Structure formats: C-alpha cells, structure tokens
Amino acid sequence: MRRGDNIRKRADGRYEARYPKGRSPEGRLLYGCCYGRSYEEAAAKREEILRRNVRVRELNLLILGAGSHGQEVRELAQRLNVFRRIAFLDDNPEKAEVLGPCTGLERWAEEFPVAIPAVGNRALRMRWLGELARAGFVLPVLVHPDATVSPSAVLGYGTVVCARAAVGSGAEIGPGCIIASAAAIERYAVLPEGTHVDCGRVVRYISKEA
C-alpha cells in the first residue's frame, strides 16, 4: 500500500490527504482533509487547496517586553517602515498594546512571524531569544536609520543597534546584543552574545598579541 506525505489509504478504499489549515487558540496545528480514489488524485486535490490558500503573510513584529527598552525598540522599528503591526508580550497586561504574557509565545507565530526580546536583563533576553527560535519566529537585526554600520561588520540575530551608534568595519556582534544610542564599536572589535553596550560607550579591538 502506497502512503506518505500525510496521505493514507482508508478502509473504504479512498485516499485521504491531510494539509495544515491553521492553529487553535492554544497554538496547536489544525489539519484539513481531502479525498481521492487514488494516491495521485488525493495529492493533486491537496495541492490545489494549498495553492488557493496561499497568501502573503503580513510582516508583523512582536516585541517581548513593554518596558523602556521595549518602547525604544518599537520606535526604532516604526522608523524602518517595514512592519505593518507592532505589538508586545509582557507579564504586565496593563501596559499599552500588550497582547498577553510572554508564556505561550508560540501561539502568536502565525500572526506575528517576526519577534525580538527587548529587555535589559541579559539572561532573560537570551532565554527568550532561544524560545523564539525554537517556536519558529524570524529573529531580526534592527538597526536605527540614524546608526552607522559598516557593510563588513557581522551582526548576530536579535541584535538592536540604536540611534547614532556606530559599528566599524570587521566588527563581530553576537546574537541578542544591544548597542545603545551613540555607542561606538570600533573596527574588528568582538562582542559576545547578549552584550549590552551603554549609551556613549566605546568598545575597542583587543589584539590577541597584546
């Protein structure tokens, strides 16, 4: 009996093809089914359904943390003019534009495919970054339009470069870093993941031969 690709032969002789059609409010993947007298017919019907249902996903941004840094990240993201919607997850539901707590964040992946943690606490920021990655979110690098970043610099996912900051040539910035306003990362400097460079600070390259 031929089967596979979520297609199976039923007891009545027909073939049943399953396809994803959305998620439940709890984030569980939901499936629809279509049927055919042969494996090929069921597969063709499923392909037609998926083709008709194809839609462009809105580029919406979810920010974890609605505190002062979260607000700064939102304003930065607004300046980029690429996100149709921007909303927060925060454990304080009274804050503006908070959809809910940070637990169960995977339920928002369909509506907000892009997400970034925006908290000063390094351990919490990196934990959330890992949870977002496992849940399948796109983890962006957000660079303020007024910042200067060399084309040869490497910026890890989930990193935020704020207004008037500068990142020099050959610099390597790890994932989940915060480069605050007017900070300067000089050429070839290396920042470990989760580093927070405060406003106006300068990070210089340290030669291994020094």
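Reader: In this predicted model, which residue just after H2 takes a positive phi?

Author: The model is predicted, not determined by experiment. Helix H2 covers residues 68-80. Just after H2, a residue has a positive phi of about 60°. That residue is Asn81.

Reader: How far apart are the end C-alpha atoms of H2, and what span should its residues give?

Author: H2 has 13 residues, and each step along a helix counts for 1.5 Å. The expected span is therefore 18 Å. The end C-alpha atoms agree with this, being apart by 19 Å.

Reader: Which residues of H2 are buried, and what arc do they cover around the axis?

Author: An α-helix has 3.6 residues a turn, so residues three or four places apart point the same way. In H2 the buried residues are His69, Gly70, Val73, Arg74, Leu76 and Ala77. These residues lie on the same side of H2, because the arc they cover around the axis is only 165°.

Reader: Which strands are among those that cover the buried residues of H2?

Author: The cover includes strands S4 (61-64), S5 (86-89) and S7 (114-117). It also includes three further strands, namely S8 (142-143), S11 (160-161) and S14 (178-179).

Reader: Which element gives the most residues to the largest nonpolar core?

Author: In soluble globular proteins, nonpolar side chains tend to be buried together. The largest nonpolar core here has 17 residues, and those with the most contacts inside it are Leu62, Leu64, Leu89, Leu105, Leu132 and Phe137. S4, S5 and helix H3 (122-134) each supply at least two residues of this core. With four residues, the element that gives the most is H3.

Reader: Which residues does Phe137 touch, leaving out those up to four places away in sequence?

Author: Phe137 is one of the residues with the most contacts inside the core. Residues up to four places away in sequence are not counted here. The list is then Leu62, Leu105, Glu106, Trp108, Ala109, Phe112, Pro113, Val114, Ala115 and Leu132.

Reader: Which residue of S7 stands opposite Leu62?

Author: S4 and S7 pair in the parallel sense, over four bridges. From S7, Val114 and Ile116 point one way while Ala115 and Pro117 point the other way, and all are buried. The residue opposite Leu62 is Ala115.

Reader: Is Glu16 buried or exposed, and what is its relative accessible area?

Author: Glu16 meets Arg8 in a salt bridge (3.4 Å, N to O), and Arg10 also forms a salt bridge with Glu16, at 3.3 Å between the closest N and O atoms. Arg8 is partly exposed at 35%, and Arg10 is partly exposed at 23%. The cut-off for buried is under 20%. Glu16 is therefore buried, with a relative accessible area of 8%.

Reader: Which residues do salt bridges that share partners join into one network?

Author: Arg14 forms a salt bridge with Asp12, with the closest N and O atoms 3.1 Å apart. Salt bridges that share partners make one network of Arg8, Arg10, Asp12, Arg14 and Glu16.

Reader: Which strands stand at the edges of the open sheet of four strands?

Author: This sheet has the order S8-S11-S14-S17, with parallel pairing. Two bridges join S8 to S11, and Leu142 stands opposite Val160 in S11. Each edge strand has a single partner strand, so one side of each is left without a neighbour in the sheet. The edge strands are S8 and S17 (196-197).

Technical notes: Residues are numbered from 1 along each chain as its sequence is written. This is a predicted model: local features need pLDDT of at least 70, side-chain atom pairs count only at pLDDT 80 or more; totals for chains, interfaces and linings use all residues. Side-chain values use heavy atoms; hydrogens and water are left out. The expected span of a helix is 1.5 Å times one less than its number of residues. Buried means under 20% relative accessible area, exposed over 50%, partly exposed in between (1.4 Å probe, protein chains only). The arc is that of the directions from the helix axis to the C-beta atoms. Contact means heavy atoms within 4.5 Å. A nonpolar core is a set of buried Ala, Val, Leu, Ile, Met, Phe, Trp, Tyr and Cys residues joined through side-chain atoms within 4.5 Å. A salt bridge is a side-chain nitrogen of Lys or Arg within 4 Å of a carboxyl oxygen of Asp or Glu. Two strands pair if DSSP finds at least two bridges between them.
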